[in-house]
Every structure is written in C-alpha cells, then in structure tokens.
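Dear colleague,

Please find below the structure that I am handing over to you. My findings follow it, arranged by topic so that you can check each one against the model as you read.

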Protein chains: 2
Amino acid sequence: MAIEIERKFLLANDAWRSQIQHSTRIAQGYLATDPTVRVRVKGTTGFLTIKGKSADGISRAEFEYPIPVEDALELLNLCPNVLDKTRHLISQGNLTWEIDEFHGDNAGLIVAELELPAIDTPFEKPDWLGQEVTGDVRYYNSMLSQTPYCRW
Amino acid sequence: MAIEIERKFLLANDAWRSQIQHSTRIAQGYLATDPTVRVRVKGTTGFLTIKGKSADGISRAEFEYPIPVEDALELLNLCPNVLDKTRHLISQGNLTWEIDEFHGDNAGLIVAELELPAIDTPFEKPDWLGQEVTGDVRYYNSMLSQTPYCRW
C-alpha cells in the first residue's frame, strides 16, 4: 500500500508539447468506483489498482498490482466503460508531470498531474500550467468514464 | 484467467467431520459485487480475486492474484462487510471437497463445494451430501456478506 498525493491542473496553452519526453497510450476501465477498482493496460503491461477514499481531496491509499496484459484486456471487457488516453511525461527536477490527453468521448480534455512525495512538497509551476482542478470530482478518471467530457 | 466450474451443496449430516484433512480460517470481503471483486486473507496469504458473471450458474471466469497479507488486511477495511469462515478440505480421488463452515452472522450455515475440471465431470456423492444449491444466489458468498444467514 502506498499513499498517493496528487495535484491536478488544466493546461493554459500548448507550449508543453515541445517538452514531451515520453508518451504511452493507456486504456483503463473501472470494475467499481466506490472504492475504485481500476484495470489498466499501459503499453504491454496490465495493472490492477485499488484506491481508497480521499479524506482531503489530495491524498488517498493506493494498492497497485501488475497483472498479465492478457488478463487486463479480458478484465476491461467486464468494465462498463473504457477510457482511452495518451500519457505524456515531462520531467521537472525530481518530479514528473504526467499530461493526459484524452481520446474518444473525452477528446478535447487535457489534464496535467503531479504526484508529490508529501502534501507540502514545493514545486515550480511551468508557464503552460492552467487552473488547478485537484479534488474536482468531474476530473476523476472514474467519473470521466461515466460522464465523459463530451457530455459536460 | 481461469474458468471456475463449481457445484455447491448443503450437508445432510455431520459425518463429514471425521473425514477432514485440513482446515483453514478465511476472512473475505467484497470491494464490489458486479462484477465480484473479492479480498481474501487465508492463513498468512492475501488474495485479490475478480469473478465474471456466470451465464449458466455453474461456470464463470475467475482472475486470482496473490497479494501481500498486509495489503489484504487493509483492503478488508474498505469492504462494507467481512465474511468469516473455516474451510475444511476432504479429498475424494482427484477431486477435493471444500466445506465452508461459517461464523459470525452466518453461523449455522455449512456448505460443501466441489470445483470440477469440466461441467460434465462425473463425481461420487458422499453419504453426508445434502441438497444441491448450485446457482442459488442466496448462497453466493458475496450475497452472504450482504444478507447473512441469521437474517434469512
């Protein structure tokens, strides 16, 4: 078990694209949303992840297990909806921005996430960073799989 | 992924107790029930199991992963209810009867299960075997965690 501490932002402009160091396509679905049970296929690896409830909107318990990608693909068939996105990575010192560019019903939505070692870890805000949406449930991936961006 | 083919019976009498070869205490809870996401602590091992829907009431897809017992104990805290039972094993040729003796709110309920390699695998019915309840949803462990035997 780990504690996931994450802050989430919209993007102010497209300048981040020139800084991309790595991109991976991700398909993920939810076997349950309370608590969250997520199935993910990331490149050639499968993952099963359980996330507890967040008391503060920023941190929550996370249990993640790698599983065979064949299993993950079959488990995605048990999920009511599957999210499709490309995750772009941009390093910034010891931290890494994960920028999720959604496809399908969530096309047009781009969200930057920063995982922090502690709630009060200081970090620099790049010029391309927009409004913070940490804790806004509409942007939870589990919510986006149920109420996609095209229906907002 | 495996296909689980299972038949389930009540017990006609107590004669099975003299044939027990092994007994283990099991605590299990459900993070979700549609599809089933089960957390189990069996002795000193944890398991995370996902079961698909059954089309025929006998067989269904099962995905099981061992996880650290510390994780499993924490995940049980995320489950609304936790089932407590002792599983007794009785070998019969190549097959093994699993006899679940429930505790807590399900005390008084004892169920014998037989996992079969194929739906049509023949098996001998011991004298202590009672009425078949395969496919009766009340006896699903996920249902027993929500509507325990003491409330029937």
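**A proline in a loop of chain B**

B:P35 is found in the loop between β2 and β3 of chain B. Please keep in mind throughout that this is a predicted model. The peptide bond leading from B:D34 into B:P35 is cis, and its omega is near 0°. Most peptide bonds are trans. Chain A also has a cis peptide bond from A:D34 to A:P35, with omega near 0°. There, A:P35 sits in the loop that links β2 (22-33) to β3 (36-42) of chain A.

**The fold of chain A**

Chain A contains 2 helices and 9 strands. Read from the N terminus, its elements follow the order β-β-β-β-β-α-β-β-β-β-α. The radius of gyration of chain A is 15 Å, close to the 15 Å that the globule rule gives for 152 residues, so chain A is as compact as a globular protein of that length. Along the principal axes, the C-alpha atoms of chain A occupy a box of roughly 40 × 30 × 30 Å.

How many of the 152 residues of chain A count as buried, as a percentage? The figure is 24%. If one takes the contacts in chain A between residues at least 6 apart in sequence, 60% of them join residues at least 24 apart.

The UniProt record, an unreviewed entry, lists residues 2-146 of chain A as "domain: CYTH". That span is 10% helix and 51% strand, and the C-alpha atoms at its ends lie 26 Å apart.

**How the two chains meet**

In the contact between the chains, 15 residues of chain B meet 15 residues of chain A. On the side of chain B that touches chain A, at least two residues come from each of β2 (22-33), β4 (45-51), β5 (59-67) and α1 (69-76). The residues on this side comprise 12 nonpolar, 1 polar and 2 charged.

Two copies of a chain are related by a rotation about an axis and a shift along it. Here, a turn of 180° and a shift of 0.0 Å along the axis lay chain B on chain A with an RMSD of 0.0 Å. The two copies are therefore related as by a two-fold rotation axis. Which residue of chain B has the C-alpha nearest the axis? That residue is B:A32, at 3.0 Å from the axis. Moreover, 100% of the interface residues of chain B are also interface residues in chain A, so the copies meet through the same surface.

**The nonpolar cores**

In soluble globular proteins, nonpolar side chains tend to be buried together. In this model, the largest nonpolar core has 26 residues, and those with the most contacts inside it are A:L31, A:V37, B:L31 and B:V37. Leaving aside neighbours within four places in sequence, B:L31 is in contact with residues of chain A, namely A:A32, A:P35, A:V37 and A:I50. Its contacts in chain B, counted in the same way, include B:V37, B:V39 and B:L75. A second, separate core has 8 residues, among them B:W97, B:I99, B:F102 and B:V111.

**Three residues to look at**

The unreviewed UniProt entry gives A:Y30 the annotation "active site". In the model, A:Y30 belongs to strand β2 of chain A. Is A:Y30 buried or exposed? It counts as buried, because A:Y30 has 24 C-beta neighbours inside 10 Å and 20 or more are required. Not counting residues up to four places away in sequence, A:Y30 touches A:T36, A:V37, A:R38, A:C79, A:S142 and A:S145.

B:R38 lies in strand β3 (residues 36-42) of chain B. With 23 C-beta neighbours inside 10 Å, B:R38 also counts as buried. Beyond the residues up to four places away in sequence, B:R38 touches B:Q28, B:Y30 and B:T49. From B:R38 to B:L48 there are 10 residues in sequence, and their C-alpha atoms are 5.8 Å apart.

A:P117 offers a contrast, in the loop between β8 (110-115) and β9 (129-132) of chain A. A:P117 counts as exposed because it has 10 C-beta neighbours inside 10 Å, where 12 or fewer is the limit. A:P117 and A:L31 are 86 residues apart along the chain, and 28 Å separates their C-alpha atoms.

With kind regards

How values were computed: Residues numbered from 1 in each chain as written. Chains lettered and ligands numbered in written order. Predicted model: local features only at pLDDT ≥ 70, side-chain atom pairs only at ≥ 80, totals over all residues. Helix = DSSP H or I, 4+ residues; strand = E, 2+ residues; numbered from the N terminus. Contact = placed C-beta atoms within 7 Å. Nonpolar A, V, L, I, M, F, W, Y, C, P; charged D, E, K, R; others polar. Least-squares fit on C-alpha atoms with pLDDT ≥ 70 in both. UniProt positions renumbered as here; feature names shortened; annotations may be inferred. Rg over C-alpha atoms; globule rule 2.2 N^0.38 Å. Core = buried A, V, L, I, M, F, W, Y, C linked by C-beta atoms within 7 Å.
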